[in-house]
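Here's a walk through one protein model, taken a region at a time. Have the viewer open as you read.

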Amino acid sequence: MKMKIFFGTDGWRALNGSQINEVSVAVIAQAFGDYLLGKNRTPVVAVGYDSRENSELFANIFAQVLSGNMIKVYLSDSIIPTPVLSYKVLESGCDAGVMITASHNPKEYNGIKFKSEYGGPFSTEETKIVESYLYRSKIKESKKFVTKCDFIYGYIRHTERIINFDKIKESGLCLLIDSMGGSGQRLTEQILKRHGIEAVSIFADPVSDFYGRSPEPIEKNLKPLSESLKKGNYSFGVATDGDADRIGVCLDSGDWLSAQYTILLLVDYLKNVKKVSGGIIKTSSVSDKVRILFENETTPIYEVQVGFKYICDVMIRHDIAFGGEESGGFGYGVHIPERDGIFSSLLLLEMLATSSCKTLSEYFKRKLSTLGQIYYNRMDLVYRYENKNDLLPQLFLNSPRMINGFRVFGIQSFCSSRNIVNGIKFLLGPCRWLLIRSSETEDIIRFYAEGQSEKETEMLLSCGREILGI
């Protein structure tokens, strides 16, 4: 019996063993090979993997199936972050990349991400074509065209051409890094110590259960990082998710710095200090403050639906300084069109080093007076009922005109790769909105809101559940 395989916002994620296994991985690899051979007679592919259970096994299977189709494969010789795989694709002139990872999903999951020749995520259109090739061809396997090699050194040298490590060393800053047992391991620390910069890593050894935490770098999962910061003498702390393409930030005090504020600090640094040219991309779940503070004639603001591939679509078409999502995925025009938790950590250090501040809390306090307060929150609701994918299309057809006493003056709808409404944003005024999304990879409905006060934001989240009828 053929298992149904559907690709979501960023590849395929599924339960390890029962859904993603040696058979299903081989099926996807054959479809991917068929797709590539339809475009290029002699394609080259880079394949990497994270620290999850069976990731290395699945990477080897994927590589061997591609090789069986006479496709040349560079296979990573070790666990690597997703952005390292993405840079390898670009550096080696590959036609595509494949990363075995379920990113920030819980340990029970694994998955497959596809990367285009520019290093960024596959477009929705490309992914649909791969999906159309599933189960068409007989699976072929061989090791003949597989070459194992190091992916990390080239990535390190690339960062050294962009980040001002001399300035960081001169500042005497010290970074604390929580790798959460994921594929980030000690890479950030390794890069910094090459330049004599102090850094300490915790939970750096990769383990498949992520030391009992969900490998998503959000406040509730970062108590170990917070406690370590309180006990030590660090400038600030960062955490990277399971495949190290996302970042979470804690101040030196141990307090969480939300991704919304992190985005404002990074954009302010890139545009007002480094004077990087180009526009700014934000997903629909990012604060309106980005537009209010930074939009001008030379800095257009682009808003896209949630998912970094939508940011990437804009990055490859326009001159872009920064693209960010509230889940901690940040990309840079001077780097690669892909989110990168390692690079973001280094850039935040450079940002602090160029100031006269020794700690991020001091820097943030100084900047807050000009950037202003953000009143934002998000609520994730587990929803396992069969009508999950019907709720938002129905709401879109019967949208309210008022929410929490505010007139709805605009509605944005977003669709999945199968053209089903999976996101609705209600515009209620400047820095006042409600966004509802149905996750494509988990049994979760997400509610996001920004308001003019904490109370208002919480009320908007409550209204989201009410108007959805759950």
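What follows covers a sheet, its helix, a surface patch, an enclosed helix and a few single residues.

## Before you start

Keep in mind that this is a predicted model.

## The five-stranded sheet

Start with the open sheet: it has five strands, ordered E16-E22-E21-E20-E19, and the pairing is antiparallel. E16 (375–382) and E19 (410–415) sit at the edges with a single partner strand each, so one side of each has no neighbour in the sheet. Going from one strand to the next, the twist averages 10°.

Zoom in on E20 (residues 421–429) and E21 (residues 432–438), and you'll find an antiparallel pair joined by six bridges. If you want a spot to click on, try lysine 425, which stands opposite leucine 435 in E21.

## A helix across the sheet

Which strands does helix H15 lie across? H15 (residues 454–468) lies across E16, E20, E21 and strand E22 (444–451), and it runs at about 145° to E22.

Isoleucine 467 is a handy residue to follow here, since H15 is where it is found. With a relative accessibility of 26%, isoleucine 467 counts as partly exposed. Leaving out residues up to four places away in sequence, isoleucine 467 touches Leu395, Pro400, Ile403, Phe426, Leu434 and Ile436. Take Leu395 from that list: 72 residues separate isoleucine 467 and leucine 395 in sequence, yet their C-alpha atoms are 7.8 Å apart in space.

## A nonpolar patch on the surface

Phe396, Leu397 and Ile411 make up a nonpolar patch on the surface, and together they have about 310 Å² of accessible area. Isoleucine 411 ties this patch back to the sheet, as its place is in strand E19. That strand is one of those at the sheet edges. On its own, isoleucine 411 has a relative accessible area of 39%, which makes it partly exposed.

## An enclosed helix

Now move to helix H11 (residues 308–315). How many of its residues are buried? Eight of the eight are, so H11 is largely enclosed by the rest of the structure. The buried residues are Phe308, Lys309, Tyr310, Ile311, Cys312, Asp313, Val314 and Met315, so to speak of charged names, Lys309 and Asp313 are in that list too. The cover over these buried residues includes helix H4 (124–132), strand E12 (279–283), strand E13 (301–304), strand E14 (320–324), strand E15 (330–332) and E19.

## Two positive phi angles

Methionine 180 isn't a glycine, yet its phi is positive, at about 55°. You'll find methionine 180 in the loop between strand E7 (174–178) and H7. Is methionine 180 buried or exposed? Its relative accessibility is 0%, so methionine 180 counts as buried.

Tyrosine 211 also has a positive phi, about 60°, without being a glycine. Its loop runs between strand E8 (198–202) and helix H8 (223–231). Tyrosine 211 is partly exposed, with a relative accessible area of 35%.

## A buried threonine

Last stop: threonine 188, whose place is in helix H7 (residues 187–193). Threonine 188 has a relative accessible area of 2%, so it is buried. What does threonine 188 touch, not counting residues up to four places away in sequence? The contacts of threonine 188 are Leu175, Ile177, Ile342, Ser345 and Leu346.

Key:
Residues are numbered from 1 along each chain as its sequence is written. This is a predicted model: local features need pLDDT of at least 70, side-chain atom pairs count only at pLDDT 80 or more; totals for chains, interfaces and linings use all residues. Side-chain values use heavy atoms; hydrogens and water are left out. Two strands pair if DSSP finds at least two bridges between them. Helices (H or I, at least four residues) and strands (E, at least two) are DSSP runs, numbered from the N terminus. Axes are lines fitted to C-alpha atoms, for helices over the stretch in contact, and angles run from 0 to 180 degrees between N-to-C directions. Contact means heavy atoms within 4.5 Å. Patches are made of residues with over 30% relative accessible area and no salt bridge: like charges are joined within 9 Å, nonpolar side chains (Val, Leu, Ile, Met, Phe, Trp, Tyr) within 5 Å. Accessible areas come from the Shrake-Rupley method with a 1.4 Å probe; for residues, only the protein chains shown count as cover. A salt bridge is a side-chain nitrogen of Lys or Arg within 4 Å of a carboxyl oxygen of Asp or Glu. Buried means under 20% relative accessible area, exposed over 50%, partly exposed in between (1.4 Å probe, protein chains only).
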